[in-house]
Amino acid sequence: MDLELVKVILQAVSASAIAGSLIYAAVQFKNWRRAQFVANYTKLVELQMQQRRMRVENPDLARVYKHDIQTLATDREIRDYFLNLMQLSIFELVWFSHREGQLPEDYYQSWVKRMQAIEREESFQRMINNPSMKFMHDEFHSHLLELMRSAGITPRK
């Protein structure tokens, strides 16, 4: 073999290895960004859940924002309402993580089945039909309403 041909082959192999490394690094960076995006979203929902937990533990705190409890009269109703919102927050994290490719389909589907059972509960239906503000991702809210409809539950909203 000619020495020049060997040099060209070695340069081609080296260039291909460098290009492959750059592509691999780009893919890893994209995956890292997606994971960070899910982590940031999760943190925000966790903070929201902490506030809801405080209201479950101490319903008087729910009275700070009157709009949140305008249709709730008793401490039990307040606790039920915010407990259901906490459950919904967990499902929102599951949905979002699945949507972003961070959770497998079978795990997500197990949550869908559980939520379809929870959606039949009177306390959940009172919560979802309550006119007070609920912070949810818009796509998640639409998805939730569609899940309820597919389970034969007609939400008022």
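Start by selecting Arg34: at 32% relative accessibility, this residue counts as partly exposed. Keep in mind as you click around that the model is predicted.

**Stop 1: from Arg34 across to Glu100**

Now add Glu100 to the selection. The two side chains, Arg34 and Glu100, meet in a salt bridge, 3.8 Å from N to O. Arg34 sits in helix α1 while Glu100 is in the loop between α2 and α3, so the pair ties together parts that lie 66 residues apart in sequence. Colour by accessibility if you like: Glu100 comes out at 13% and counts as buried, whereas Arg34, at 32%, is partly exposed.

**Stop 2: a bridge inside one helix**

Jump to helix α4, residues 122-129. Pick Glu122 and Arg126, whose side chains form a salt bridge at 3.7 Å, N to O. Both belong to α4 and are four residues apart, about one turn of the helix. Glu122 is exposed, with 61% relative accessibility, and Arg126 is partly exposed at 47%. While salt bridges are on your screen, go back and select Arg34, Arg99, Glu100 and Glu139: bridges with shared partners join these residues into one network.

Stay with α4 a moment and look at its other residues. Which of them are buried? Show Phe124, Met127, Ile128 and Asn129 as sticks; these are the buried ones. Then bring up the surrounding helices: the buried residues of α4 pack against α2, α3 (105-118) and α5 (138-150).

**Stop 3: Arg63 and Asp60**

One more charged pair. Arg63 and Asp60 have side chains that meet in a salt bridge at 2.9 Å, N to O. Asp60 is exposed, with a relative accessible area of 51%, and Arg63 is partly exposed at 31%. If you'd like to hunt down the rest, the count for the model comes to nine salt bridges.

**Stop 4: Glu92, a buried acid**

Next, centre on Glu92 in helix α2, which runs over residues 75-99. What does a buried Glu92 have for a neighbour of opposite charge? Glu92 has no salt bridge, and the nearest side chain of opposite charge, Arg52, is 5.8 Å away. That gap is beyond the 4 Å limit for a salt bridge. Turn to Tyr41 instead: its side chain makes a polar contact with the side chain of Glu92, at 2.4 Å. To fill in the surroundings, show Tyr41, Phe135, Met136, His137 and Phe140, which Glu92 touches once residues up to four places away in sequence are set aside.

**Stop 5: the largest pocket**

Arg52 and Phe135 come up again here, as both are in the lining of the largest pocket. Select the whole lining: Gln48, Gln51, Arg52, Arg55, Tyr65, Asp68, Tyr81, Phe82, Leu85, Met133, Lys134 and Phe135. The volume of this pocket is about 210 Å³. Where does the largest share of the lining come from? It is α1, with four residues. Helices α1 (3-57) and α2 each supply at least two of the lining residues.

**Stop 6: Arg55 and Val56, side by side in sequence**

Zoom in on Arg55, a lining residue that lies in helix α1. Arg55 is buried, at 11% relative accessible area. Measure across to Asp68, also in the pocket lining: the side chains of Arg55 and Asp68 make a polar contact at 3.0 Å. Beyond its neighbours within four places in sequence, Arg55 is in contact with Leu61, Ala62, Tyr65, Asp68, Ile78 and Phe82.

Step on to Val56, likewise in α1. Val56 is buried too, with a relative accessible area of 17%. Leaving out residues up to four places away in sequence, Val56 touches Arg79, Phe82, Leu83 and Met86. Phe82 appears in the contacts of Arg55 and in those of Val56, so it's handy to leave on display. For a sense of scale, draw a distance from Val56 to Trp32: the C-alpha atoms are 35 Å apart, with these positions 24 residues apart along the chain.

**Last stop: Gln11**

Finish on Gln11, another residue of helix α1. Is Gln11 buried or exposed? With a relative accessible area of 57%, Gln11 is exposed. Draw one final line, from Gln11 to Glu77: their C-alpha atoms are separated by 73 Å, and the two residues are 66 apart along the chain.

Key: Residues numbered from 1 in each chain as written. Predicted model: local features only at pLDDT ≥ 70, side-chain atom pairs only at ≥ 80, totals over all residues. Heavy atoms only, no water. Buried < 20%, exposed > 50% of the residue type's maximum accessible area, 1.4 Å probe, protein only. Lys, Arg positive; Asp, Glu negative; His and termini not counted. Polar contact = N/O pair within 3.5 Å; in protein donor to acceptor, adjacent residues only side chain to side chain. Contact = heavy atoms within 4.5 Å. 1 Å grid on protein atoms, 1.4 Å probe; cavity = no way out; pocket = protein on both sides within 12 Å on 5 of 7 lines; lining within 4 Å. Points joined across faces, edges and corners; volume = space filled by probe spheres on them.
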